[in-house]
Amino acid sequence: MSRDRLPVTSAVRVLRAHGVVWTDHPYEYEERGGTAVSARELGVAEHACIKTLIMQDDAKQPLIVLMHGDREVSTKRLARLLGVKSVEPCPPAVADRHSGYQVGGTSPFGTRRAMPVYMERTIAGLPRIYVNGGRRGYLVGLAPADLVRVLRPVLVDAATTD
């Protein structure tokens, strides 16, 4: 993706509508490469590359979880925090339907369906984060405060502890 052909996705439209200042970060997407690849390609810490995960509770209600790229979600801890029996990742086809994005290119901004957003608390303390811009191989860099202002996520402590 060349600089002159940056995508205008639903996520980009939301960022523009909310007056968010962001930077574009296209990179060569690798199937199943995840945040390790995007961090390497951008030359940033994987901890600052934020995963957008579409999950569902035991009643199949979808939700978005934002997690550091180098951490995993403790689904048991998250379920306890939400007061539900269980939380699990949505199957890819279901996640695509809820978000309107293709897995690997899911942005928390501009999803097809409004879903509650839960963000790992420590993300808010980072100086800059990189989240998917709505297409595989395309991240946007922004201040965590802007993400919080636009999405109003519930801050949680749901990362696994090693």
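Hi everyone, let's begin with isoleucine 64, which is found in strand E3. A quick reminder before going further: this is a predicted model.

So, is isoleucine 64 buried or exposed? With a relative accessibility of 1%, it counts as buried, because the cut-off for that word is under 20%. Which residues does isoleucine 64 touch, once we leave aside its neighbours within four places in sequence? The contacts are Thr52, Leu53, Ile54, Pro108, Thr111, Met115, Pro116, Val117 and Tyr118. Take the last of those: isoleucine 64 and tyrosine 118 sit 54 residues apart in sequence, yet their C-alpha atoms are 6.1 Å apart in space.

The strand around this residue has a similar story to tell. In E3, 7 of the 7 residues are buried, so the strand is largely enclosed by the rest of the structure.

Now, who are the partners of E3? On the one hand there is strand E2, residues 50–57, which pairs with E3 in the antiparallel sense over 7 bridges. One example you can find on the screen is glutamine 56, whose bridge partner in E3 is proline 62. E2 and E3 make a hairpin with 4 residues between the strands, and there lysine 60 takes a positive phi near 65 degrees. On the other hand, E3 runs parallel to E5, and 3 bridges join them. Valine 65 has tyrosine 118 as its bridge partner in E5, while leucine 66 has methionine 119.

Let me zoom out to the sheet. In what order do its strands come? The order is E4-E2-E3-E5-E8, in an open sheet of 5 strands with mixed pairing. Strand E4 (87–89) and strand E8 (154–156) stand at the edges with a single partner strand each, so one side of each has no neighbour in the sheet. If you ignore direction, neighbouring strands here are turned by 35 degrees against each other on average.

Back to one of the contacts of isoleucine 64, namely threonine 111. Threonine 111 lies in the loop between helix H4 (92–99) and strand E5 (117–120). Neighbours within four places aside, threonine 111 is in contact with Ile64, Ser99 and Tyr101. A polar atom of the threonine 111 side chain also lies 2.9 Å from the backbone oxygen of arginine 113.

There is another loop to look at, at the other end of E3. Between strand E3 (62–68) and helix H3 (75–82) you will find glutamate 72. Its side chain makes a polar contact with the side chain of lysine 51, at 3.4 Å. Beyond its neighbours within four places in sequence, glutamate 72 is in contact with Lys51, Met67, Ala158, Ala159 and Thr160. For a sense of scale, the C-alpha atoms of glutamate 72 and glycine 133 are separated by 21 Å, and these residues are 61 apart along the chain.

Next, strand E7. How many of its residues are buried? The count is 5 of 5, so to speak a strand that is mostly covered, because buried here stands for under 20% relative accessible area. In a regular strand the side chains alternate between the two faces of the sheet. For E7, both faces are covered: Tyr138, Val140 and Leu142 are buried on one side, and Leu139 and Gly141 on the other.

E7 pairs in the antiparallel sense with strand E1, residues 23–26, over 4 bridges, and with strand E6, residues 129–135, over 5 bridges. Valine 140 is a nice residue to click on: it is the bridge partner of aspartate 24 and also of valine 131. E6 and E7 form a hairpin with 2 residues between them, and glycine 137 in the turn has a positive phi of about 80 degrees.

That brings us to the core. In soluble globular proteins, nonpolar side chains tend to be buried together. Here the largest nonpolar core has 35 residues, and Leu66, Phe109, Ile129, Val131, Leu142 and Leu147 touch the most other members. E7 supplies the largest share, 4 residues. Apart from this core lies another, of 12 residues, among them Val65, Leu78, Tyr118 and Val156.

Finally, the cysteines. Cysteine 49 is buried at 1% relative accessible area, and cysteine 90 is buried at 9%. How many disulfides does a search of the whole structure find? The result is 0. Thanks, everyone!

How values were computed:
Residues numbered from 1 in each chain as written. Predicted model: local features only at pLDDT ≥ 70, side-chain atom pairs only at ≥ 80, totals over all residues. Heavy atoms only, no water. Core = buried A, V, L, I, M, F, W, Y, C linked by side-chain atoms within 4.5 Å. Buried < 20%, exposed > 50% of the residue type's maximum accessible area, 1.4 Å probe, protein only. Polar contact = N/O pair within 3.5 Å; in protein donor to acceptor, adjacent residues only side chain to side chain. Contact = heavy atoms within 4.5 Å. Pairing = 2+ DSSP bridges. Axes fitted to C-alpha atoms, helices over the stretch in contact; angles between N-to-C directions. Disulfide = S-S within 2.5 Å.
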